[in-house]
Protein chains: 2
Amino acid sequence: MKNLVYFQSGGPTSVINTSFYGVIKEAIKHPESIGGIFGSLYGIEGLLNDNLIDVRQEDEQTIELLKQTPGAILGTTRYKLSEDLNHPDYEKILATLKKHHIGYVLVNGGNDSMDTCHKLSQLMDKVGYDCQVLGIPKTIDNDLANTDHCLGYGSAAKFVVQTLQDVAVDNLVYNKGKVAIVEVMGRNAGWLTAAAALLEGEVKPDRIYLPEDVFDLETFLTEVKAVYDQKKKGLFVVSEGIKWERDLTSVTKDSFGHAQLGGIAYSLADEVKKRFGLSTRPIEFSLMQRAASAHISLVDSKEAIKVSSVAVRKIIKGKTNAMVAIVRVPGTDYKVRYKLHKLKHIANVEHKMSAELIHDVHHDGVMMKAYLRPLIQGSIKYVTKDGIIQRAILKKVKVI
Amino acid sequence: MKNLVYFQSGGPTSVINTSFYGVIKEAIKHPESIGGIFGSLYGIEGLLNDNLIDVRQEDEQTIELLKQTPGAILGTTRYKLSEDLNHPDYEKILATLKKHHIGYVLVNGGNDSMDTCHKLSQLMDKVGYDCQVLGIPKTIDNDLANTDHCLGYGSAAKFVVQTLQDVAVDNLVYNKGKVAIVEVMGRNAGWLTAAAALLEGEVKPDRIYLPEDVFDLETFLTEVKAVYDQKKKGLFVVSEGIKWERDLTSVTKDSFGHAQLGGIAYSLADEVKKRFGLSTRPIEFSLMQRAASAHISLVDSKEAIKVSSVAVRKIIKGKTNAMVAIVRVPGTDYKVRYKLHKLKHIANVEHKMSAELIHDVHHDGVMMKAYLRPLIQGSIKYVTKDGIIQRAILKKVKVI
């Protein structure tokens with residue numbers, strides 16, 4: 001009998017705790033294989049510092065609330081493990097695993113976290129410790145390779161589409177309106193920003209700027225002016241990760257550095273004001289896009305539970321060094337299956353949008369709609385208190 | 001038989017179109033008194049320019065969708081009518097009213113719009129034209145006098161409380177986190193920002209800054225530092241309307257001007273970074289707080305329908321120059337009644353928070369919770385399409 005540890009890693013999503021829920025629900029069905037069910041606090045840091053909690057001490061009601069609690073309830077980290085498996089960190093991790101008789105490790109995260117997952121698998125091989133390691137995909141950026149999509153993306157995209165519609169409707173109310181510039185997350189891949197392509201009619205954004213595009217400030221300003229001259233308002237959706245040519249004026253060089261993510265909507269709005277004197281409305285979706293509990297997609301939530309269930313069933317069968325990938329089954333109705341994919345083809349790889357899809361997003365969005373619409377369907381049922389969606393609060397009883 | 005015109009004025013809310021729905025539903029019940037039901041496009045501008053639509057041409061399904069459509073579907077304006085009733089604008093307005101046999105005018109708006117409403121009433125008196133004028137309260141700022149609260153406030157406050165909880169949960173995930181600074185709307189009154197007082201436990205904001213408070217940058221920075229030193233993260237909620245002492249350094253004078261509303265979270269985050277080098281997360285709730293269709297409060301929605309119904313029933317009985325006010329009935333259960341209140345005591349008056357309530361918000365928030373919680377209860381039932389809340393799209397058939 002071996003114990004299982006689960007941890008969360010990288011940026012939160014609104015369904016990462018749903019993945020945790022799925023792990024708990026499946027793990028308790030296998031008392032013949034899994035003894036203790038532990039959570040590592042602040043990702044890999046919990047294994048480094050022997051900081052684990054006993055999930056079996058949490059009550060049923062709290063566990064149910066995980067499905068509607070954003071953030072990362074166990075805490076998370078961006079700590080990067082050394083490439084050198086002889087680094088002292090690995091000894092600490094092994095000590096924690098051995099001390100608590102842990103033989104199963106589930107890592108819930110994105111590209112960087114799959115790197116952590118991969119290194120842990122290699123460590124077990126190297127030292128010959130009987131412990132399997134599997135990854136559960138998670139990122140609103142949707143940029144993991146070899147999976148149709150990532151858990152958390154559907155809900156974040158649902159927020160983006162819904163909120164863009166709301167904001168667009170609000171921006172239509174004045175005869176002479178504003179230049180609204182909305183900033184969406186996504187460091188190098190435009191998947192989340194491209195969700196804007198799902199809007200149609202009067203609320204359709206005037207332009208969408210992806211990180212995969214070449215960004216040129218002059219072109220942007222010209223486009224803004226042309227739209228405003230015609231409509232007396234405008235809606236521009238910009239990824240936080242837009243790139244721009246290096247030969248900009250010193251002013252723009254100063255106000256946008258390549259490394260500066262977030263606040264780009266404000267910087268662009270300043271440029272529009274400076275150049276044309278137009279009234280602007282910069283809007284940054286900020287943490288809301290990854291933490292909006294009211295916008296959790298039912299499909300995303302169900303798939304999060306299912307992926308965890310697959311991960312637990314595979315790991316007790318001895319599978320290791322892999323991530324549970326989501327494969328879309330071709331056909332008119334949306335259907336997926338789950339399979340393990342080797343971590344070495346996933347860790348640290350960024351899956352960007354194809355040139356064809358980018359072209360589509362800038363035109364009629366037919367491909368993007370076919371891809372994304374199934375992922376934003378339905379809403380989960382919420383437990384509310386005083387009008388607000390209730391959040392899970394764990395007891396976090398330490399494993400000694 | 002007289003015709004009725006309804007118009008929307010000032011900033012939108014997520015239930016202003018629910019008020020419109022309520023007007024339509026009640027008006028069609030009184031065929032003996034009300035002939036045509038018209039909507040004026042872009043507020044008073046529609047009466048100035050003879051730009052009216054025939055609401056009876058809209059289909060039933062579209063009218064139902066008004067209850068889940070944010071913005072101001074007829075368009076709105078901030079146009080201010082002259083104090084001088086001999087101004088040519090009034091001739092134009094009268095011409096439109098007479099041309100279309102309009103004898104009832106319903107104005108849906110806030111303080112400034114109640115001024116428009118008041119002037120129209122005085123105009124009818126002066127020229128002896130048989131036309132009644134009533135106001136329907138609306139503002140997320142909740143700063144109308146002589147009403148317990150304003151339509152739109154409950155839904156905006158529900159967004160603020162829910163989204164602050166989501167953001168706070170997300171800001172807890174890292175061991176060493178960020179200084180989150182969240183900016184909420186409210187030019188001179190802190191009602192909406194004070195909604196932050198409803199949060200409890202780990203997600204309770206560390207400090208709340210209202211426009212009614214004296215704001216001092218040094219005090220703010222000292223408070224941020226103290227919180228961060230203790231918790232390694234922090235959540236500060238700031239009204240866009242915060243005031244500050246004039247004797248600040250030239251740097252801060254330049255970065256925050258009294259007139260500059262919006263973007264204050266970013267300016268304050270810059271100050272925190274400059275002074276302490278801390279990692280910050282400025283978040284502006286922007287248009288989302290007044291346009292979030294997913295956060296419409298059921299109580300707000302129901303009251304919006306009820307207030308409109310009262311307005312229509314009163315106006316056909318000849319009532320004029322008044323606004324429908326909401327009166328809270330004392331007692332343990334939340335209950336309200338509706339009564340007309342004279343416009344001269346409402347127009348242009350700003351109802352700010354009392355010193356007692358401000359003190360409460362900065363401490364345990366008991367009074368604020370008792371006041372606000374009833375207003376954010378329940379959710380409306382939504383019609384969705386492709387996972388997104390469907391919005392009403394009017395045909396807008398012009399009245400000729």
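In the predicted model, the second largest pocket encloses about 720 Å³ of space. Of the 25 residues that line this pocket, those closest to its centre are A:Ser379, A:Tyr382, B:Ser379, B:Ile380 and B:Tyr382. Two or more lining residues are given by each of helix H6 (153-171) of chain A, helix H6 (153-171) of chain B and strand E15 (388-389) of chain B. In character, the lining of the second largest pocket divides into 12 polar, 9 nonpolar and 4 charged residues.

The relation between the chains was examined next. A turn of 180° with a shift of 0.0 Å along the axis lays chain A on chain B with an RMSD of 0.0 Å, and the two copies are thus related as by a two-fold rotation axis. Because 100% of the interface residues of chain A are also interface residues in chain B, the copies meet through the same surface.

The structure also holds 2 cavities of 30 Å³ or more. The largest cavity, with a volume of about 100 Å³, has a lining that includes A:Ala168, A:Asn171, A:Glu202, A:Lys231 and A:Leu235; H6 and strand E9 (234-239) of chain A are the elements that give two or more residues to this lining, which divides into 5 charged, 4 nonpolar and 2 polar residues. The second largest cavity has a volume of about 70 Å³, and among the residues that line it are A:Phe159, A:Thr163, A:Asp166 and A:His295 together with B:Phe159, B:Thr163 and B:His295. H6 of chain A and H6 of chain B each supply at least two residues of the lining of the second largest cavity, the largest share, 3 residues, coming from H6(A). The lining of the second largest cavity comprises 7 nonpolar, 4 polar and 1 charged residues.

Definitions and conventions
Residues are numbered from 1 along each chain as its sequence is written. Chains are lettered from A and ligands numbered from 1 in the order in which they are written. This is a predicted model: local features need pLDDT of at least 70, side-chain atom pairs count only at pLDDT 80 or more; totals for chains, interfaces and linings use all residues. Side-chain values use heavy atoms; hydrogens and water are left out. On a 1 Å grid over the protein atoms alone, a cavity is a set of points where a 1.4 Å probe fits but cannot get out, and a pocket is an open set with protein on both sides within 12 Å along at least five of seven lines; lining residues have an atom within 4 Å of a point. Grid points are joined across faces, edges and corners, and a volume is the space filled by probe spheres set on the points. Helices (H or I, at least four residues) and strands (E, at least two) are DSSP runs, numbered from the N terminus. Ala, Val, Leu, Ile, Met, Phe, Trp, Tyr, Cys and Pro count as nonpolar, Asp, Glu, Lys and Arg as charged, and the others, Gly among them, as polar. Copies are superposed by least squares on the C-alpha atoms of residues with pLDDT of at least 70 in both. Contact means heavy atoms within 4.5 Å.
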